[in-house]
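Subject: Structure for you to look through

Dear colleague,

I am handing over a structure that I would like you to look through at your own pace. Please open the sequence and the model side by side, and then read the notes that follow.

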Amino acid sequence: MTILYKTIDYNFDISPLVDIAEDNTLEPYWKLLLQGPKYEPLRKTMASTNSYLSNLKFRDIPQNYIDLQIFAECEEIFAKIPDFDREHIYSIAQIFKVSGPLPPHQDERSCAFSIPLMGVDTPLQWYDNNNNLIEEYTYNSPILFNTIHKHGSTLNSGQRIFFQIGFKQSIQEVIPLLSI
Ligand SMILES: [Fe+2]
């Protein structure tokens, strides 16, 4: 059976991440996503509702935040996942902003660890191949969720912000390797 998400029972101090997400001086390092032909249909759908998706990669910003507690904690939680040392985790860590509805889509990565920071108040949703809703979950604490399965957040109306680490491995492979 397909696993769509797993809640992660760990209480992170999100305040440094919220500060980074709100830091106006980091504005130049945020990138608008869904560029390129592959994502054109999704981008067009989002443009029709004035919605957008952008991200900030820690590795792109001039300050080095690798000593934040969150990266030490992630290093412990993901210690059994091959090559997930602190430097690697930092190199793939991102903050995402979604403004408006995010239509059903599939990511290139297989699953993602996500910590809600602000505005994550409508459900994450999963769909079958015919875009029928099959499951939804509003997360107000960290989760690991299936991103290769078709998903979206079509009820999002404002701006939602979350911290994420993506995995090439499937959620079925990652779950048994979590040290939590
Ligand atoms: Fe996605």
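Two residues are said to be in contact if their C-beta atoms, placed from the backbone, lie within 7 Å. With that meaning in mind, and leaving out residues up to four places away in sequence, phenylalanine 71 touches Ile66, Arg86, Ile89 and Tyr90. Please keep in mind throughout that this is a predicted model.

The chain as a whole

The chain contains five helices and eleven strands, and its C-alpha trace spans about 45 × 40 × 30 Å along the principal axes. A compact globule of 180 residues would have a radius of gyration near 16 Å, and the chain agrees with this, since its own value is 16 Å. Buried residues make up 28% of the 180 residues. Among contacts between residues at least 6 apart in sequence, 82% join residues that are at least 24 apart.

The sheet

Seven strands form an open sheet in the order 1-9-6-11-4-3-2, and their pairing is antiparallel. At the edges are strand 1 (5-7) and strand 2, each of which pairs on one side only. As general background, strands of a sheet pair through backbone hydrogen bonds, either parallel or antiparallel.

It may help to walk inward from the strand 2 edge, beginning with lysine 31, which has its place in strand 2 (residues 31-32). Strand 2 is joined to strand 3 by two bridges, and these two strands run antiparallel; here the bridge partner of lysine 31 is asparagine 55 in strand 3. If neighbours within four places in sequence are left aside, lysine 31 is in contact with Ser54 and Asn55. Is lysine 31 buried, exposed or partly exposed? It counts as partly exposed, because it has 13 C-beta neighbours inside 10 Å. Lysine 31 and glutamate 108 are 77 residues apart along the chain, and their C-alpha atoms are separated by 18 Å.

The next step leads from strand 3 (residues 52-57) to strand 4 (residues 94-99), which run antiparallel and are joined by six bridges. Asparagine 55 has phenylalanine 96 as its bridge partner in strand 4, while serine 54 has lysine 97 as its partner in that strand. Strand 4 is in turn joined by six bridges to strand 11 (residues 159-167), again in an antiparallel arrangement, and valine 98 stands opposite arginine 160 in strand 11.

The nonpolar cores

Which residues have the most contacts inside the largest nonpolar core? They are Ile89, Cys111, Ala112, Leu144, Phe145 and Ile165, in a core that has 22 residues. The elements that give two or more residues to this core are helix 3 (69-77), helix 4 (86-92), strand 6 (111-118), strand 7 (124-127), strand 9 (143-146), strand 11 and helix 5 (171-174). Apart from this core lies another, of eleven residues, among them Leu17, Phe96, Val98 and Val120. In soluble globular proteins, nonpolar side chains tend to be buried together.

Alanine 112 is a good residue to select on your screen: not counting residues up to four places away in sequence, alanine 112 touches Phe145, Thr147, Gln164, Ile165, Gly166 and Phe167.

Around helix 3

Phenylalanine 71, with which these notes began, is found in helix 3. This phenylalanine is partly exposed, because 18 other C-beta atoms lie within 10 Å. Phenylalanine 71 and arginine 86 are 15 residues apart in sequence, and 6.3 Å apart in space from C-alpha to C-alpha.

Aspartate 85 is placed in the loop between helix 3 and helix 4. With 12 C-beta neighbours inside 10 Å, aspartate 85 counts as exposed, because a residue is exposed if it has 12 or fewer. Aspartate 85 and phenylalanine 12 are 73 residues apart in sequence and 18 Å apart in space, C-alpha to C-alpha.

With best wishes

Note on methods
Residues numbered from 1 in each chain as written. Predicted model: local features only at pLDDT ≥ 70, side-chain atom pairs only at ≥ 80, totals over all residues. Pairing = 2+ DSSP bridges. Helix = DSSP H or I, 4+ residues; strand = E, 2+ residues; numbered from the N terminus. Core = buried A, V, L, I, M, F, W, Y, C linked by C-beta atoms within 7 Å. Buried ≥ 20, exposed ≤ 12 C-beta atoms within 10 Å, placed from the backbone. Rg over C-alpha atoms; globule rule 2.2 N^0.38 Å.
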